[in-house]
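Here are my notes on the model you sent over, as numbered points. Have the sequence and the 3D view open while you read.

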Amino acid sequence: MHLLDIDARFTNISQDLWDEAHDALDRLLEGRGVGNELRGWLTLPQEASASFIEEIKECANRLRESCECVVCVGIGGSYCGAQAIIEALMPPFFNRTKTTLLYAGNHLGARYQAELEKFLFGKTFGIIYISKSGGTLEPSLAFHQLRKLLIANVGVEEAQKRIIVITDPERGTLRKLQKKEGYTSFSIPPSVGGRYSVLSAVGLLPIAYEGVDITEFLKGALSFATAIARREPSTIHTVLSYAGWRIGEYRKGKKIEIFATFTPQLRALQEWWKQLFAETEGKGGKGVFSTTATFTTDLHSLGQWIQDGERTIMETVLSVQKADADIHIANEDDSQGALAFLNGKSLHWINRQTEEATCLAHNQGGVPVFKILLEQLDAYHLGALIYYLELVAAVSGYLMNINPFDQPGVEAYKQRMNQLLKDPIAK
């Protein structure tokens, strides 16, 4: 099996659509498509120098040594990618030796913020504030509150050492604040949009703080990026197959894509995928509606609808081939022997058989299924997966004849929100 593969059983693409997808990929790689000024993410793995990686690691180590915990402040692409990698690779919260990375600024929930501030009161914590402009309301408010609390806890000078800013290299209110206060900072390249930024400092610093090997993570992405740049047929095939399949199904009336997995620690990665594809495609009255399901849990809620509901859906399944940890079923000692047929079987094997049965049942029930095969869950393979999905999203956007890299609809609610905050509607 390659670094990343697909299950060809369910994939059927016409030659015309294959050629169209190939042209879309060429336009992306050669910078001939709309939005080409925001293609900087394509070369992030190649541009991550040894000195840059070491700088990220040193900053992460400094935070670990000097802080009881760290809060990652950001919304959308400013935190989704990091959270996806951390939750996929790190032990669950009940098996960690220290407080996990905390998150703030990704919503306006008053109770959450109040409880977070209560938890952090008196603690020596750190802040990683990620925002390209510094003008987005949710993270701006959270940072304002947390900085004030941190200063109260440790004083101005010590707080300055524990605040890290990741923002535009030159412009924006956050860069102005960073220069004024002297915070340690990293830059978000102007040519990289938020949802494509996980392979930059935006994702690398938080995941390095949590102990993920960012060198391996970037190596995985570089491996896939190099194969694409060399136009290696097998790698090109995986990209065009997925992009062509989903757009082909969309044109047949499949308007909803469910991104499913049988691996529960990939829930945060599913959320990152949802933002990546929804913000890339949902514009100009077009776009597949992106949603997720985590099996087998959701087979007992959404499963009925997927199997037997309206046939406007397609399903992408991310399948992890090798288990990084497993258990074997103990011998059945119940008198009825209800589980005796599973004696000695591994739980991962049982999960894989359930995955296979589900894919077959859904496909036979009229749901087109596309299966992505990830060899194992580690930093290297996840790096490749991230780069792969970013490529597919961009190619899909070009197949829809839209700009894959802007998000004009995001600004609509912000403008209305600012109007109402300044001039509330009387109740």
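1. A quick definition before anything else: two strands count as paired if DSSP finds at least two bridges between them. Keep in mind that this is a predicted model.

2. Start with a pair that passes that test. Strand β4 (residues 125–130) and strand β5 (residues 163–167) run parallel and are joined by 4 bridges. If you want one spot to click on, take tyrosine 129, whose bridge partner in β5 is valine 165.

3. Now zoom out to the sheet around that pair. It is an open sheet of 5 strands, in the order β3-β2-β4-β5-β6, with parallel pairing. Which strands stand at the edges? Those are β3 (102–104) and β6 (184–187); each has a single partner strand, so one side of each is left without a neighbour in the sheet. On average, neighbouring strands here are turned by 20° against each other, direction ignored.

4. Two helices to look at on this sheet. Helix α6 (residues 137–154) lies across β2 (69–73), β3, β4 and β5, and runs at about 155° to β4. Helix α8 (residues 173–181) also packs on the sheet, where it touches β4, β5 and β6. The direction of α8 makes about 145° with that of β5.

5. Next, have a look at strand β9 (residues 313–322). How many of its 10 residues are buried? The count is 9, so "mostly covered" is a fair description of β9. Strand β7 (residues 256–261) runs parallel to β9 and is joined to it by 6 bridges; one pair to find is glutamate 257 with methionine 314 in β9. Strand β10 (residues 369–376) is also parallel to β9, with 7 bridges between them. There, glutamate 315 stands opposite valine 369 in β10.

6. Glutamine 270 deserves a click too. It is found in helix α12 (residues 267–281). Buried or exposed? With a relative accessible area of 2%, glutamine 270 is buried. Its side chain reaches the backbone oxygen of phenylalanine 259 at 2.9 Å. Leaving aside neighbours within four places in sequence, glutamine 270 is in contact with Phe259, Ala260, Thr261, Thr292, Ala293 and Thr294.

7. On cysteines: the structure holds 0 disulfides. Cysteine 67 is in none, and the nearest cysteine sulfur, that of cysteine 69, is 7.8 Å away. Cysteine 67 counts as buried, at 7% relative accessibility. Cysteine 72 is in no disulfide either; for that one the nearest cysteine sulfur belongs to cysteine 80, 10 Å away. Cysteine 72 is buried as well, with a relative accessible area of 1%.

8. Finally, the chain as a whole. The protein chain has 16 helices and 10 strands. Its radius of gyration is 23 Å, close to the 22 Å that the globule rule gives for 427 residues, so the chain is as compact as a globular protein of that length. Along the principal axes, the C-alpha atoms fill a box of roughly 65 × 60 × 55 Å. Of the 427 residues, 50% count as buried. Among contacts between residues at least 6 apart in sequence, 78% join residues at least 24 apart.

How values were computed
Residues are numbered from 1 along each chain as its sequence is written. This is a predicted model: local features need pLDDT of at least 70, side-chain atom pairs count only at pLDDT 80 or more; totals for chains, interfaces and linings use all residues. Side-chain values use heavy atoms; hydrogens and water are left out. A disulfide is a pair of cysteine sulfur atoms within 2.5 Å. Buried means under 20% relative accessible area, exposed over 50%, partly exposed in between (1.4 Å probe, protein chains only). Axes are lines fitted to C-alpha atoms, for helices over the stretch in contact, and angles run from 0 to 180 degrees between N-to-C directions. Contact means heavy atoms within 4.5 Å. A polar contact is a pair of N or O atoms within 3.5 Å; within protein, one must be able to donate a hydrogen and the other to accept it, and residues adjacent in sequence count only if both atoms are side-chain atoms. The radius of gyration is taken over C-alpha atoms; the globule rule is 2.2 Å times the number of residues to the power 0.38.
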